[in-house]
Amino acid sequence: MQRHMSYLQKHPSITRGRINNFTSDNQWKDVNLQAVLYDLKVSGEPHVKLEVWSAPGQERPPFSHAVKQEYRPAKVGESFGPSWTTHWFRVTASIPDSFKGKAVQFLFDTNSEAMVWSADGEPIMGLTGGGGGERHVDYLLTPSASANEPPRTFYMEMA
């Protein structure tokens, strides 16, 4: 009995690469699925204030210790390391009135793992960055924004 195999099954790495080009935030992001996923975007101040504190050495400090530290301004594209070090981000997100009625997500891709923490110290969810199949870089701030939303402060632990 002859077994039939589709091109997609015969060449899975090529297929995954093509799917990745269609869905990733890469050089094709202006013409792929990313271009239509989010109809409104803001980045940087005054909408997003991003600050960081880097733990010394390879320490893994708890939330209660990390939030008491002195944070410095951070910016998108900045590198953090070396490997196996922990960096805590304090994020203050202000949702513009133009987002009224829309779901608002915070996108945070560190090409590593991160944990979202509430300002009260409750772990909310984990994030996985990079280009792999387990990529999950979005944190839902609100399913439906209202006018005059108060700023939201939360923390991200990147390790």
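This report walks through the fold, the sheet, the aromatic contacts and a few backbone oddities of one predicted chain.

## Before you start

Since this is a predicted model, local features need pLDDT of at least 70 and side-chain atom pairs count only at pLDDT 80 or more, while totals for chains, interfaces and linings use all residues. Residues are numbered from 1 along each chain as its sequence is written, and side-chain values use heavy atoms, with hydrogens and water left out.

## The overall layout

Let's begin with the parts list. The chain has 4 helices and 8 strands; here helices (H or I, at least four residues) and strands (E, at least two) are DSSP runs, numbered from the N terminus. Reading from the N terminus, the order is α-α-α-β-α-β-β-β-β-β-β-β.

How much of the chain is buried? Of its 159 residues, 30% count as buried, where buried means under 20% relative accessible area, exposed over 50%, and partly exposed in between (1.4 Å probe, protein chains only). About 10700 Å² of the chain is exposed, with carbon and sulfur atoms supplying 52% of that; accessible areas come from the Shrake-Rupley method with a 1.4 Å probe, and for residues, only the protein chains shown count as cover. As for contacts (heavy atoms within 4.5 Å), take those with a separation of 6 or more: 62% of them are between residues 24 or more positions apart.

## The sheet

Six strands make an open sheet in the order S2-S1-S3-S8-S5-S6, and the pairing is antiparallel. Two strands pair if DSSP finds at least two bridges between them. S2 and S6 are the edge strands, each pairing on one side only.

At one edge, S1 (residues 48-54) meets S2 through 2 antiparallel bridges, and Glu51 sits opposite Pro73 in S2. At the other edge, S5 and S6 (residues 123-128) run antiparallel and are joined by 5 bridges. One matched pair there is Ala114 with Leu127 in S6. S5 and S6 form a hairpin with 4 residues between them, and Gly121 in the turn has a positive phi of about 90°.

## Around Trp117 and Glu157

A search of the whole structure turns up 10 aromatic pairs. Rings of Phe, Tyr and Trp (its six-membered ring) pair if their centres lie within 6.5 Å; planes under 30 degrees apart count as stacked, over 60 as edge-to-face and the rest as tilted. One of the pairs is Phe63 with Trp117, stacked at 5.4 Å centre to centre with 20° between the planes. Phe63 lies in helix H4 (residues 63-66) and Trp117 in strand S5, so the pair ties together parts that are 54 residues apart in sequence. Phe63 is buried at 12% relative accessibility, and Trp117 is buried too, at 15%.

Which side chain does Glu157 join through a polar contact? The partner is Trp117, at 3.2 Å. A polar contact is a pair of N or O atoms within 3.5 Å; within protein, one must be able to donate a hydrogen and the other to accept it, and residues adjacent in sequence count only if both atoms are side-chain atoms. Glu157 is found in strand S8 (residues 152-158) and counts as buried, at 12% relative accessibility. Beyond four places in sequence, its contacts include Arg60, Thr86, Trp88 and Met115.

## More aromatic company

Phe80, Phe89, Phe106, Phe108, Tyr139 and Phe154 form one aromatic cluster. Both Phe89 and Phe108 are buried.

Elsewhere, Arg90 lies over the face of Tyr71, at 4.3 Å from the ring centre. A charge sits over a ring if NZ of Lys or CZ of Arg is within 6 Å of the ring centre and within 35 degrees of the ring normal.

## Backbone oddities in the loops

Most residues other than glycine have a negative phi, and most peptide bonds are trans. The bond from Gly81 to Pro82, though, is cis, with omega near 5°. Pro82 is in the loop between S2 (72-73) and S3 (87-93).

Trp84 is found in the loop between S2 and S3, with a positive phi near 70°. Is Trp84 buried or exposed? Trp84 counts as exposed, at 71% relative accessibility. Asn111, in the loop between S4 (104-107) and S5 (113-118), has a positive phi near 60° and is exposed at 61%.
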